[in-house]
Amino acid sequence: MRATTVPRRVLVTGASGGIGAVTTAHLVSHGIAVTALDRDGDLPEAADRHVHGDATDPAVVGAALEDADGVVHLAAIPHPTLGTPWEVFSTNVSATFAVLSEAGARGIRRAVVASSVNASGVPFNPHRVMPAYYPIDEDLPVDLGDAYSLSKTVDETSARAAHRMWGIDVVAFRFPLVKDHDTLMAAAGQAALDPGATVREGWAYLDVRDAARAVHAALVARVEGAHVVGLAAPDTLLPGPTEELLARWAPGVPIRSPLPGRSAAVDTARAERLLGFRPEHTLGQDVPPSAEVRAEVA
Ligand SMILES: NC(=O)c1ccc[n+]([C@@H]2O[C@H](COP(=O)([O-])OP(=O)(O)OC[C@H]3O[C@@H](n4cnc5c(N)ncnc54)[C@H](O)[C@@H]3O)[C@@H](O)[C@H]2O)c1
């Protein structure tokens, strides 16, 4: 196990984005200087170095890594419909390889990479596939049917290869839906109207403040190697009991360990064991009522 060293400066790619801006502010508030890189948007003011550039360009990434001893790679096209399949795949995997190879070549020892719950290929799959089991974990069998999910699977493989090539330790987070509280409440309202639409990701979510805390934990944890780590809040977007909801919306899919009450249908044991990470922010009892309850009240 590697001795822990707190990085003094990290490069955050995708720093203008939803997770990147909050993560940058969080790291700076914990004494870690940030070089913020994005090809678009407003780079966060909390960062003391700003780089407008493309994360797929090794020269841009290499220059941005000056003085950095850690990297947080979030830049990606984050949905299969936000580009052609070629654009989504080539942008995402090229950026990840550019970041890991440039960091590795400079002897940087720690990287945190944004993977996704979609790395299994199940949630966005155009075919009627379901998870092989609940709770969803990092070993869920893969069935790929879109370029975004494929890119995240390749990113996880690139992380393992980067560790072998350059000895860089990498944590690749399988983020579920990550948003601020109000956006999550809106998503919960949608999920309650149509639970079938998001059953394949187990109605999982994570408050963006917890995503930033998880990144911080992964930068400073005593980990060695390349690790894929699932994340989720401890409950779901839905108001009802998880096992009952799964019986209705995922009939026949085995539930391999008890999911009492509104427990998340994602296994987050690895995040806790490896990084000592537990989310602090939940929607709790505030989630909107189900469509049935709304209909009864109306
Ligand atoms: N937010 C979620 O629900 C969620 C869920 C699973 C995985 N993820 C992953 O987490 C990461 C961050 O997601 P987000 O929600 O903050 O997305 P976002 O779209 O808000 O931010 C992504 C940022 O990356 C930048 N970017 C894209 N391609 C780039 C490139 N080639 N060079 C430089 N910058 C580039 C964009 O301009 C954007 O600012 C992504 O890798 C995404 O796939 C997010």
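Before looking at the ligand I set down what "near" will mean here: a residue is near a molecule if its C-beta atom, placed from the backbone, lies within 6 Å of it. I also note that this is a predicted model.

**Entry 1, the ligand.** I looked up the residues around the ligand and found 26 of them, of which Gly14, Gly17, Asp40, Ala76 and Ala114 come nearest. Sorting the shell by residue type, I get 12 nonpolar, 10 polar and 4 charged residues. I then asked which elements each supply at least two residues of this shell, and they are α1, α3 (85-105), β5 (110-116) and β7 (177-179). The largest share comes from α1, with 3 residues.

**Entry 2, from β1 to β3.** Since α1 had come up, I followed the chain around this helix, and I see that strand β1 (residues 9-13), helix α1 (residues 18-29) and β2 make a right-handed β-α-β unit. The strands β1 and β2 run parallel and are joined by 5 bridges, and in one of the pairings I checked, Arg9 has Ala33 of β2 as its bridge partner. On to the next pair: β2 also pairs with strand β3 (residues 49-52), again in the parallel sense, over 4 bridges, and here Leu37 stands opposite Val51 in β3. Is β2 mostly covered or mostly open? I find that 5 of the 6 residues in this strand, which spans residues 33-38, are buried.

**Entry 3, helix α4.** I checked the length of helix α4 (residues 147-166) against what its 20 residues should give: at 1.5 Å a residue the span should be 28 Å, and the end C-alpha atoms are 27 Å apart, which agrees. Going through its residues for burial, I list among the buried ones Ala147, Tyr148, Leu150, Lys152, Asp155, Glu156 and Ala162. What covers the buried residues of α4? I find that the cover includes α3, β5, β6 (169-175) and β9 (226-230). Just after the helix comes Gly167, whose phi is positive, near 75°.

**Entry 4, Arg110.** Strand β5 had now appeared twice in my notes, so I picked out Arg110, which lies in it. Why does Arg110 count as buried? The residue has 24 other C-beta atoms within 10 Å, and 20 or more are needed for a residue to be called buried. Leaving aside neighbours within four places in sequence, I find Arg110 in contact with Pro7, Gly70, Asp169 and Leu219. For Pro7 I also noted the separation, since Arg110 and Pro7 are 103 residues apart in sequence and 8.6 Å apart in space, C-alpha to C-alpha.

Conventions
Residues are numbered from 1 along each chain as its sequence is written. This is a predicted model: local features need pLDDT of at least 70, side-chain atom pairs count only at pLDDT 80 or more; totals for chains, interfaces and linings use all residues. A residue is buried if 20 or more other C-beta atoms lie within 10 Å of its own, exposed if 12 or fewer, and partly exposed in between; C-beta atoms are placed from the backbone. Two strands pair if DSSP finds at least two bridges between them. A crossover is right-handed if, with the strands pointing away from the viewer, the path from the first strand over the helix to the second runs clockwise. Ala, Val, Leu, Ile, Met, Phe, Trp, Tyr, Cys and Pro count as nonpolar, Asp, Glu, Lys and Arg as charged, and the others, Gly among them, as polar. The expected span of a helix is 1.5 Å times one less than its number of residues. Two residues are in contact if their C-beta atoms, placed from the backbone, lie within 7 Å.
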